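Please look through the structure below before reading on. The text after it goes from the whole chain to single residues.

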Amino acid sequence: MKYVIEHMEEGFSEWVILEYTQIIKEVGKENLILTSLPSAVTEADIPKRLLDLGLQWTTKECVEIEGLEKNNVCLLDPAAETELTPEDSEKFDFFVFGGILGSHPRIDRTGILRRKYGFAGRRLGALQMTTDTAIRTTQKIIEDKKSFEDIKFIDYPEIRYNKHESTEMPFRYILNDEGIPILPEGMLELIRKDAEQSIDDLLMEE
């Protein structure tokens, strides 16, 4: 299975770098492709940490990826009427994410892709997820054949720095076997370091 992120952003915030790093580690560098980067982007603009992990990227649109055809693509779309199921592994080879799943407040970037390409859409529940959580959830459903209802989530977890300070994360996360939300490596440190910033600032900072 191939996971495609229509990057649709100027630059790479530290938040995004940590997310993409985690995704590459979990799905493999050969299975993640960033598409639709601004046309002026060169390799010098891609964070070295991601290049060192073998990140695949292109300024081309996702429809130009080799092997991708309209009938073998699933767009993960919060507005879709049908939930993603294990059976969809037999229908689709590419799973496209529009960047919306990691944005807060929600911006309907996926709607742009929906209208532009007409891909079949599937939903991952009703609540907002970070991009790495959305891909992790898709991987569990498609590759591990686990139904959405059987995945253990936590909604809007509170991240506590000390006895007096905490931040509520405005997303849904998967829980690990110890009942702890799965975040990219380094994300907790980033949130603690920038505790005075809003989550919106962390997502968008360059």
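What follows is a walk through the model, from overall numbers to particular side chains.

The model is predicted. It describes a protein of 206 residues, of which 50% count as buried. The protein contains six helices and ten strands. Among its contacts with a separation of 6 or more, 66% are made by residues 24 or more positions apart. The protein exposes about 10,400 Å², and carbon and sulfur atoms supply 47% of that area.

The interior comes next. In soluble globular proteins, nonpolar side chains tend to be buried together. Here the largest nonpolar core has 32 residues, and Phe-12, Leu-32 and Phe-95 touch the most other members. Several elements each supply at least two residues of this core: strand S1 (2–6), helix H1 (14–27), strand S2 (32–35), S4, strand S5 (94–97) and helix H4 (131–142). Which of them gives the most? That is H1, with six residues. A second, separate core has twelve residues, including Leu-68, Leu-75, Val-96 and Phe-119.

Phe-95 shows how one residue of the largest core is surrounded. Leaving aside residues up to four places away in sequence, Phe-95 touches Met-1, Lys-2, Tyr-3, Val-4, Cys-74, Leu-76, Leu-84, Asp-88, Thr-138 and Ile-142. Phe-95 also forms one aromatic cluster with Tyr-3 and Phe-92.

Aromatic rings meet elsewhere too. The count comes to seven aromatic pairs. One of these joins Phe-12 and Tyr-20, whose ring centres are 6.3 Å apart and whose planes make an angle of 80 degrees. Why is this pair called edge-to-face? Because planes over 60 degrees apart count as edge-to-face, and the angle in this pair is 80 degrees. Phe-12 is buried, with a relative accessible area of 12%, and Tyr-20 is buried at 4%.

Tyr-20 has a polar partner as well. The side chain of His-7 makes a polar contact with the side chain of Tyr-20 at 2.8 Å. His-7 is found in the loop between S1 and H1. Is His-7 buried or exposed? At 2% relative accessibility, His-7 counts as buried. Beyond residues up to four places away in sequence, the residues touched by His-7 are Phe-12, Val-16, Tyr-20, Leu-34, Thr-35 and Leu-37.

Helix H2 (residues 48–52) contains another residue that meets Tyr-20, namely Leu-50. The C-alpha atoms of Leu-50 and Tyr-20 are separated by 7.5 Å, although the two residues are 30 residues apart along the chain. Leu-50 is buried, with a relative accessible area of 0%. Not counting residues up to four places away in sequence, Leu-50 touches Phe-12, Ile-17, Tyr-20, Thr-21, Ile-24 and Leu-55.

A polar residue can be buried too, and Asn-72 is an example, with a relative accessible area of 10%. Asn-72 has its place in the loop between strand S3 (56–57) and strand S4 (73–76). The side chain of Asn-72 reaches the backbone nitrogen of Glu-69 at 2.8 Å. Apart from residues up to four places away in sequence, Asn-72 is in touch with Gly-67, Lys-91, Phe-92, Asp-93 and Phe-94.

Further along the chain is Ile-174, in strand S10 (residues 172–174). Ile-174 counts as buried at 1% relative accessibility. The C-alpha atoms of Ile-174 and Arg-136 are 8.2 Å apart, and the two residues are 38 residues apart along the chain. Among the residues that Ile-174 touches are Thr-133, Arg-136, Ile-151, Phe-153 and Ile-182. Phe-153 also has a charged partner: Arg-172 lies over the face of Phe-153, at 5.2 Å from the ring centre.

Two loop residues remain. Ser-36, in the loop between S2 and H2, has a positive phi of about 60 degrees although it is not a glycine. Tyr-156, in the loop between strand S7 (153–155) and strand S8 (158–160), has a positive phi of about 55 degrees and is not a glycine either. Ser-36 is buried, with a relative accessible area of 19%, whereas Tyr-156 counts as partly exposed at 37%.

Terms used. Residues numbered from 1 in each chain as written. Predicted model: local features only at pLDDT ≥ 70, side-chain atom pairs only at ≥ 80, totals over all residues. Heavy atoms only, no water. Phe/Tyr/Trp six-rings, centres within 6.5 Å; stacked < 30°, edge-to-face > 60°. Buried < 20%, exposed > 50% of the residue type's maximum accessible area, 1.4 Å probe, protein only. Lys NZ or Arg CZ within 6 Å of the ring centre and 35° of its normal. Helix = DSSP H or I, 4+ residues; strand = E, 2+ residues; numbered from the N terminus. Polar contact = N/O pair within 3.5 Å; in protein donor to acceptor, adjacent residues only side chain to side chain. Contact = heavy atoms within 4.5 Å. Areas by Shrake-Rupley, 256 points an atom, 1.4 Å probe, with all protein chains shown as cover. Core = buried A, V, L, I, M, F, W, Y, C linked by side-chain atoms within 4.5 Å.
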